[in-house]
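Me: I'm new to this one, so can you walk me through it and show me how each label is earned?

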Amino acid sequence: LAEEQILSGFGNEHVSEDPRCPGALPEGQNNPQVCPYGLYAEQLSGSAFTCPRPTNKRSWLYRILPSVCHKPFKPLEEGHLTHNWDEVEPDPNQVTVPERAPGPARRTGLHTLCGAGEPRGRNGIAVHIFVCNTSMINRCLYNSDGDFLIVPQQGKLLITTEFGKMLVEPNEICVIQQGMRFSVEVFGETRGYILEVYGAHFELPDLGPIGANGLANPRDFLVPVAWYEDRQVPGGYTVISKYQGKLFAAQQDFSPFNVVAWHGNYTPYKYHLEKFMVINSVAFDHADPSIFTVLTAKSTRPGVAVADFVIFPPRWGVADNTFRPPYYHRNCMSEFMGLIKGHYEAKEEGFQPGGASLHSMMTPHGPDADCFEKASKAKLEPERVAEGTMAFMFESSLSLAVTKWGLQTSNQLDKNYYKCWEPLKSHFNPNSATEPRK
């Protein structure tokens, strides 16, 4: 898709109509008695009607047939998709899946790794890995439970939505918000990560003393333009609903991507991670990783997120008299790490693109022994950090449980993960505070 076919801006009030039907948007009102071209007006609400204006999300869609025209939903096999966090006993240990998304590529490729909360109460998250090599033909999905933040790791995704098409490649992300119907075309084996959030929408983090500019800039978020297909599929189009953690399927006779025009501020969007403007220390010490937050889904507690999406992009390290890799840490948040490409700076071995790790609430973690020794003795000169690499973190204030599939069924767990810290040795010398390390 050419860049000019995309609208820009985060949370903007956008207006779009397919150029094949100029004037498809009603003038001056949302719901005229008769819409142009004989279209149906349909509102998609992403917030309560009475939310304050800054958080009120909705879009009006002008479509050939309304979404209500479908047969009844029937239960569908969920596979390894789950929201049951009590399948196995809690495990506070550091957890890692060292390499690729496990299992053979398959059409129904959502595998739930961990999560917390539940969609009925509209408070919680889930982390999934997707693996697929087959496009969704005459099938679409919408998530009644919450938003999907999709992080491709291998392979391109051509995502068709009710708002238009988006091509999403590795090192890009996209967000499909609650209730939006979408279908995915893939090109060969494709895999990646999904952060699902129910109860809140993603927004840009507040910048505070950083000022008006920096981190992920609003103009770099891209929204598709209106595109419709007037296609009949007699009895053969499947609409899949993810509802209360389960999957259901309904049949209809036409493509759901029949929206000729739309306007509003509730849309899917994508973002290229190379656009992120990195903030870093230029004097001493290691700044907290919150400076790398791309998107946040806020909780009701000020400053506390249900979920943050954080990246660790290429950047300059220049801090003096400083241990530059990530510091050792125990956190009141849960930290799920993934790797899109390259290697992670705090663990260069055994953590490959497509892998993942979970450091649970208050479980200690930090650089492995090799990383610590190397960084402690390194000559501190300006250096490029994480060149050719893109690691990310889903961070949450919720205490995440790992699924039975993640711990057992996948058979991909690295049971020796803890051993990367075993070679750490004491350098303590009570007779000298300044003796150089041997």
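Reply: Sure. A cut-off to start with: buried means a relative accessible area under 20%, exposed means over 50%, and partly exposed is what lies in between. Keep in mind that this is a predicted model.

Me: Good. What makes glutamate 383 partly exposed?

Reply: The relative accessible area of glutamate 383 is 37%. The in-between band runs from 20% to 50%, so glutamate 383 counts as partly exposed.

Me: And its salt-bridge partner, arginine 324: buried or exposed?

Reply: Arginine 324 is buried, because its relative accessibility is 14% and the cut-off for buried is under 20%.

Me: How do you know that arginine 324 and glutamate 383 form a salt bridge?

Reply: The rule asks for a side-chain nitrogen of Lys or Arg within 4 Å of a carboxyl oxygen of Asp or Glu. Here the closest N and O atoms are 3.3 Å apart, so the pair passes. Side chains of opposite charge can pair when their charged atoms come close.

Me: What makes this a link between distant parts of the chain?

Reply: Arginine 324 is in the loop between strand E23 (315-317) and strand E24 (334-341), while glutamate 383 is in strand E26 (residues 383-385). The two are 59 residues apart.

Me: How many salt bridges does the rule find overall?

Reply: The count comes to 14 salt bridges. One of them joins glutamate 13 and arginine 58, with 3.4 Å between the closest N and O atoms. Glutamate 13 lies in the loop between strand E1 (6-8) and strand E2 (14-17) and arginine 58 in strand E4 (residues 58-63), so this pair ties together parts that are 45 residues apart in sequence. Arginine 58 has a relative accessible area of 22%, which is not under 20%, so arginine 58 is called partly exposed.

Me: What about arginine 63 and glutamate 42: why is that pair called a salt bridge?

Reply: Their N to O distance is 2.9 Å, and the limit is 4 Å, so the pair qualifies. Arginine 63 sits in strand E4 and glutamate 42 in strand E3 (residues 40-45), 21 residues apart. Both arginine 63 and glutamate 42 are buried. There's a network here too: Glu42, Arg63 and Glu162 are linked by salt bridges.

Me: Let's zoom out. What is the protein built from?

Reply: Two helices and 28 strands.

Me: Why is it called as compact as a globular protein of its length?

Reply: Its radius of gyration is 23 Å, and the globule rule gives 22 Å for 438 residues. The two values are close, so the protein is as compact as a globular protein of that length. Along the principal axes, the C-alpha atoms fill a box of roughly 85 × 45 × 40 Å. Buried residues make up 53% of the 438. Of the contacts with a separation of 6 or more, 77% are between residues 24 or more positions apart.

Me: What do the surface and the charges look like?

Reply: About 20,800 Å² is exposed, with carbon and sulfur atoms supplying 52% of it. There are 40 positive and 48 negative side chains, and the centres of the two sets lie 3 Å apart.

Me: What is notable about the phi angles of leucine 215 and asparagine 321?

Reply: Both have a positive phi without being glycine: about 60° for leucine 215 and about 45° for asparagine 321. Leucine 215 is in the loop between strand E15 (190-198) and strand E16 (222-224). Its relative accessibility is 4%, so leucine 215 counts as buried. Asparagine 321 lies in the loop between E23 and E24. At 76%, asparagine 321 is over the 50% cut-off and is therefore exposed.

Me: How do you know that glycine 192 is buried?

Reply: Its relative accessible area is 4%, and buried means under 20%, so the label fits. Glycine 192 is found in strand E15. Leaving aside neighbours within four places in sequence, glycine 192 is in contact with residues including His128, Phe130 and Val151.

Me: Last one: where is aspartate 414, and what makes it partly exposed?

Reply: Aspartate 414 is in the segment after helix H2 (404-409). Its relative accessible area is 23%, which falls between 20% and 50%, so aspartate 414 is partly exposed. The C-alpha atoms of aspartate 414 and valine 95 are separated by 7.3 Å, with the two residues 319 apart along the chain.

Methods
Residues are numbered from 1 along each chain as its sequence is written. This is a predicted model: local features need pLDDT of at least 70, side-chain atom pairs count only at pLDDT 80 or more; totals for chains, interfaces and linings use all residues. Side-chain values use heavy atoms; hydrogens and water are left out. Helices (H or I, at least four residues) and strands (E, at least two) are DSSP runs, numbered from the N terminus. The radius of gyration is taken over C-alpha atoms; the globule rule is 2.2 Å times the number of residues to the power 0.38. Buried means under 20% relative accessible area, exposed over 50%, partly exposed in between (1.4 Å probe, protein chains only). Contact means heavy atoms within 4.5 Å. Accessible areas come from the Shrake-Rupley method with a 1.4 Å probe; for residues, only the protein chains shown count as cover. Lys and Arg count as positive and Asp and Glu as negative; His and the chain ends are not counted. The place of a charge is taken as NZ of Lys, CZ of Arg, CG of Asp or CD of Glu.
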